Amino acid sequence: MTPSSRLTPYLYVLPLAALLGFVFGYPLLKIFEFSFKMVRGIDGPWIGMRNYQLVLGQSLFWEAVLHNLQLLLAIPVMVAISLIVSVLLSERVVGWKLYRIIVFVPFVLAIPIVAVVMKRMFQFSGPVNELLRWMSLDFMALDWIGSSDVALWTVMILIIWRESALGIILFLARLLSLDESVIEAAKIDGAGWWHRLWHIILPEMRGVIEFYVVVSVITMLAAVFSYIYIMGGGRGGPGTSTEVVELYIFNALIRSSLPGIASAASVLLFLVTGLLIFLLFKVRQRAEAA
Amino acid sequence: MRGNALQLGNVVKQTVLLLASFLALVPTIYMVVTALKSDEEYAIDKLGPPDAPVLDNFYAVLVESPFLHWMLNSTILVAGSVILSTTISVLGAYAIATMRFRGRDTLLAVSTSLMAVPPVVMIVPLFVLYTRLGMVSTYFGAILIYAGLITPFSVYLLVTFFRTVPRELYEAAHIDGAGQFTILMKVVLPLSLPALVTLVVVNSLYVWNDLLIAIIFLQDDAKRTLMAGISVFSGRYNNQVPLTMAGMVIASAPMFMLYVLFQKQFIRGLMSGAIK
């Protein structure tokens, strides 16, 4: 091997390493440093754990954490919806290809667009409440957007509506790759629909369901900013009723210009999701092996 | 008896799927129908079809709001970041998949695990750095961040794909005297077209739809992306619902048309991009 050919691989991966180093490496190191500093402008003095004490001592932060945790409640609903729809599609009922295109539409529309539309639909004087009143369900005609007791649940409806589309497609891909002869054999043996679903299909789908759950957990904890920001008219809310950790970081950085505080919150979020990433790859390995 | 039960089962299945399809389409239907109504008509009738469809709202949106300008900005960012990221990822993934060198496996492992790091974690230091360098509200600055964020997925997908290319192909080309770069361009890339299409679809959708990076790193009115523009637009015309919906129809039109045209690539791409 000539020296130049030994260098060749490094020339190929150099731009990659530089880009990842800049966009991921530098920030991931810097948030730890900043989180122990009082940053004003571009840098500042070391202040030990003060940022963490401030963040962890603030009720707003814990409210945000609690809201992220509340969003996790959407996941079982998403899994159930995705399972029902994908299993039905996989049976190739009449028109299933058209249904497949349609049920995936929510995932193609951008979150900000859907959030603007949903917000108008759920306005107090909007079409959803009009429909409910028309059906004489007046007690259900809530102030979906404007009431701080309901606002986060309304965001959750939107999240379930959109993220279920991903579950359907993931599950359907797995279902269509199943060995049909096993299912056919069960049919011939006289196994009913529920029996086949419960004892033959579901066990085969464990891997993909676990994968979807972990991806969704990460979404709920660290990727709901667009939903919250738009539904809350550019700041979340009303008040702090839809505050989440991402919004907390955003406000600390942009509105209050406190990079140190924002970094401490980022570190906490990173460590929690880091734990989940570890879990994710464990699950993926198993899903791929299956 | 059994035939009846079977039929009943089919009715139930069709009903469930029809309901799911209806729910999936409701916001789109509402958006389009409302955009065709006048303010007066919407005030009385929020559910029904428009009695006398008007196109005034679309006209007003295009005249009063810089939707086309925002779309142009988004297009610049999508094109810039996807081209940059794809080029860098192809080179890196090719070396990882076909060459032996120290640190190769570590690089792949690190790159792959970065896929699951939420973007919000990276914004604070980058924003502080960009402020110092005067790179806030520059296309280049935002393109660099977007390119970085989509690269781990690109590398993962390309390495997986390049590894499925039979080794004999490389070796044959090598014996013919072709250098690494020639092999990559003439042999590997043409074979990788399906993977590249998937990659471009997923990554374009990600950059086009992003809001977080857009509102933090492109604060200038002139640099605003479509998604950031939407958040301003919907706040400004809060009470004019039909006008707002006309804006949303215009904003969703490009991706919607692409989806109808390329639904196979979209579905395949998003299935593999599920990790984002």
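Reader: Reading along the sequence, what pattern does chain B follow?
Author: This is a predicted model, so take everything here as a description of that prediction. Chain B has 14 helices and 0 strands. Read from start to finish, the pattern is α-α-α-α-α-α-α-α-α-α-α-α-α-α.

Reader: Is chain B more spread out than a compact globule or not, and what is its radius of gyration?
Author: For 276 residues the globule rule gives 19 Å, and chain B comes out well over that, so it is more spread out than a compact globule. Along the principal axes, its C-alpha atoms fill a box of roughly 75 × 75 × 35 Å. The radius of gyration is 24 Å.

Reader: Among contacts in chain B between residues at least 6 apart in sequence, what percentage join residues at least 24 apart?
Author: Some background first: 45% of the 276 residues of chain B count as buried. As for the contacts you ask about, the share joining residues at least 24 apart is 79%.

Reader: Which helix of chain B gives the most to the side that touches chain A?
Author: The contact involves 74 residues of chain B and 77 residues of chain A. On the chain B side, one helix gives the most, with 14 residues, and that is α1 (residues 2-35).

Reader: And by class, how many charged residues does that side of chain B have?
Author: Nonpolar residues number 52 on the side of chain B that touches chain A, and polar ones 19. That leaves the charged class, with a count of 3.

Reader: Which helix of chain B gives the most to the largest nonpolar core?
Author: That core has 174 residues, and those with the most contacts inside it include F225(A) and Y146(B). Leaving aside residues up to four places away in sequence, F225(A) touches E246(A), L247(A) and F250(A) as well as V120(B), L211(B) and L212(B). The helix of chain B that gives the most to the core, with 15 residues, is α7 (residues 139-162).

Reader: Where does α13 of chain B bend?
Author: At 1.5 Å a residue, the 21 residues of α13(B) (residues 241-261) should span 30 Å, and the end C-alpha atoms are 29 Å apart, which agrees. There's still a bend of about 45°, with a proline, P254(B), following within four residues. The bend is at A253(B).

Reader: How far apart are the end C-alpha atoms of helix α10 of chain B?
Author: Helix α10 covers residues 193-209 of chain B, which is 17 residues. At 1.5 Å a residue it should span 24 Å, and the model agrees, because its end C-alpha atoms are apart by 24 Å.

Reader: Is L205(B) buried or exposed?
Author: L205(B) lies in helix α10 of chain B, where W208(B) and V202(B) are among the buried residues. Being buried takes 20 or more other C-beta atoms within 10 Å. L205(B) has 22, so it is buried.

Reader: How far apart in space are M71(B) and P152(B), C-alpha to C-alpha?
Author: M71(B) sits in helix α4 (residues 67-98) of chain B and is partly exposed, with 18 other C-beta atoms within 10 Å. M71(B) and P152(B) are 81 residues apart in sequence. In space, the C-alpha to C-alpha distance is 26 Å.

Reader: What is the phi of R92(A)?
Author: R92(A) is in the loop between α4 (74-90) and α5 (96-103) of chain A. With 10 other C-beta atoms within 10 Å, R92(A) is exposed. R92(A) is not a glycine, yet its phi is positive, at about 55°.

Key: Residues numbered from 1 in each chain as written. Chains lettered and ligands numbered in written order. Predicted model: local features only at pLDDT ≥ 70, side-chain atom pairs only at ≥ 80, totals over all residues. Contact = placed C-beta atoms within 7 Å. Helix = DSSP H or I, 4+ residues; strand = E, 2+ residues; numbered from the N terminus. Nonpolar A, V, L, I, M, F, W, Y, C, P; charged D, E, K, R; others polar. Rg over C-alpha atoms; globule rule 2.2 N^0.38 Å. Buried ≥ 20, exposed ≤ 12 C-beta atoms within 10 Å, placed from the backbone. Expected span 1.5 Å × (residues − 1). Core = buried A, V, L, I, M, F, W, Y, C linked by C-beta atoms within 7 Å. Bend = angle between axes of the 7 residues up to and from the residue.
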